[in-house]
Amino acid sequence: MIGELHVANTPKATNPTDAIVAQAVLRNTRVTPQKARRVVNLIRGERVDVALTTLKFAPQEVGEDLFTLLNSAVNNAKQKNPSLRDSSSLWVVEALVDEGATMKRFRPRAQGRGFQILKRTSQITLVVSDDRGYRPHGGRKVVNAKAKAPAIAKPVKSEGKAE
């Protein structure tokens, strides 16, 4: 795995009924975000044991890095809650791929010219939780299209001066 693995701290549960949430971040890995998103989309919302199996047999090269990253997130969850036995009770609730730093290289071309080559990197974040419906940044707002708009009050003509 080329890149840096960072473990981000998430706040501990204050109530025993709160969800177990753990995350792991892989920064500056040498794979383009577009290629990484193809694999990350396969595991988003899946059970962790199913996601690990999917990543183990994924033909893409980034699958190995994601497999290690997901194992790290599971170990972070086990560290937070030692009573957690295995990964079958955890879900991948959030999986993000962001753009990292872009390395700029130049390739010599004809007549003394140089063409720029962009070597892109990715920052990948995986969040696991024992609550399948957990949303780290709040849930989506549901907009009811059939809701009736409030009636607009008609303007009242003032008595007195004529305009």
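1. Contact here means heavy atoms within 4.5 Å. On that basis, and leaving aside neighbours within four places in sequence, Ala-95 is in contact with Val-40, Arg-44, Thr-125 and Leu-126. Ala-95 is found in strand S3. Its relative accessibility is 2%, so Ala-95 counts as buried. Ala-95 and Val-127 are 32 residues apart along the chain, yet their C-alpha atoms are separated by 6.4 Å.

2. Confidence. This is a predicted model. Mean pLDDT for the chain is 84. A value of 70 or more is reached by 73% of the residues. Residues 12–17 need a caveat: pLDDT stays under 50 there. For that stretch the model has 2 contacts beyond four places in sequence. Where pLDDT is low, the predicted coordinates should not be read in detail.

3. Layout. The chain has 3 helices and 6 strands. From the N terminus on, the order is β-β-α-α-α-β-β-β-β. The chain has 163 residues, and 30% of them count as buried. Take the contacts with a separation of 6 or more: residues 24 or more positions apart account for 69% of them.

4. The core. The largest nonpolar core holds 28 residues. Which members touch the most others? They are Val-48, Leu-66, Leu-70, Ile-124 and Val-128. At least two core residues come from each of strand S2 (21–29), helix H1 (33–43), helix H2 (48–56), helix H3 (62–80), strand S3 (91–99) and strand S6 (122–129). H3 gives the largest share, with 7 residues.

5. Val-128 in detail. Neighbours within four places in sequence are again left aside. Val-128 is then in contact with Ile-20, Val-21, Ala-22, Val-48, Leu-70, Ala-73, Val-74, Ala-77, Leu-90, Trp-91, Val-92 and Val-93. Two of these contacts, Val-48 and Leu-70, also appear among the core members that touch the most others.

6. Helix H3. How far apart should the ends of H3 be? H3 has 19 residues, and at 1.5 Å a residue they should span 27 Å. The end C-alpha atoms are 27 Å apart, so the model agrees with the expected value. The buried residues of H3 are Val-62, Gly-63, Asp-65, Leu-66, Leu-69, Leu-70, Ser-72, Ala-73, Val-74, Asn-76 and Ala-77. That list includes the polar or charged entries Asp-65, Ser-72 and Asn-76. Among the H3 residues in contact with Val-128 are Leu-70, Ala-73, Val-74 and Ala-77, and these four are buried.

7. Salt bridge. A search of the whole structure finds 1. Side chains of opposite charge can pair when their charged atoms come close. The partners here are Arg-120 and Glu-99. Their closest N and O atoms are 3.9 Å apart, and the cut-off is 4 Å. The pair links distant parts of the chain, 21 residues apart. Arg-120 sits in the loop between S5 and S6, whereas Glu-99 belongs to strand S3. Are the partners buried or exposed? Arg-120 has a relative accessible area of 31%, so it is partly exposed. Glu-99 has 51%, so it is exposed.

8. The S4 and S5 hairpin. S4 and S5 pair in the antiparallel sense, over 6 bridges. Arg-107 has Phe-115 in S5 as its bridge partner. Pro-108 stands opposite Gly-114, also in S5. The hairpin has 5 residues between its strands. Gln-111 lies in that loop, between strand S4 (103–108) and strand S5 (114–119).

9. Backbone checks. Where does positive phi turn up outside glycine? One case is Gln-111, with phi near 60°. Its relative accessible area is 71%, so Gln-111 is exposed. Another case is Asn-28, with a positive phi of about 55°. Asn-28 lies in strand S2. At 31% relative accessibility, Asn-28 counts as partly exposed. The settings contrast: Gln-111 is in a loop, whereas Asn-28 is in a strand.

Key. Residues are numbered from 1 along each chain as its sequence is written. This is a predicted model: local features need pLDDT of at least 70, side-chain atom pairs count only at pLDDT 80 or more; totals for chains, interfaces and linings use all residues. Side-chain values use heavy atoms; hydrogens and water are left out. A nonpolar core is a set of buried Ala, Val, Leu, Ile, Met, Phe, Trp, Tyr and Cys residues joined through side-chain atoms within 4.5 Å. Buried means under 20% relative accessible area, exposed over 50%, partly exposed in between (1.4 Å probe, protein chains only). pLDDT is the predictor's confidence in each residue, from 0 to 100. A salt bridge is a side-chain nitrogen of Lys or Arg within 4 Å of a carboxyl oxygen of Asp or Glu. The expected span of a helix is 1.5 Å times one less than its number of residues. Two strands pair if DSSP finds at least two bridges between them.
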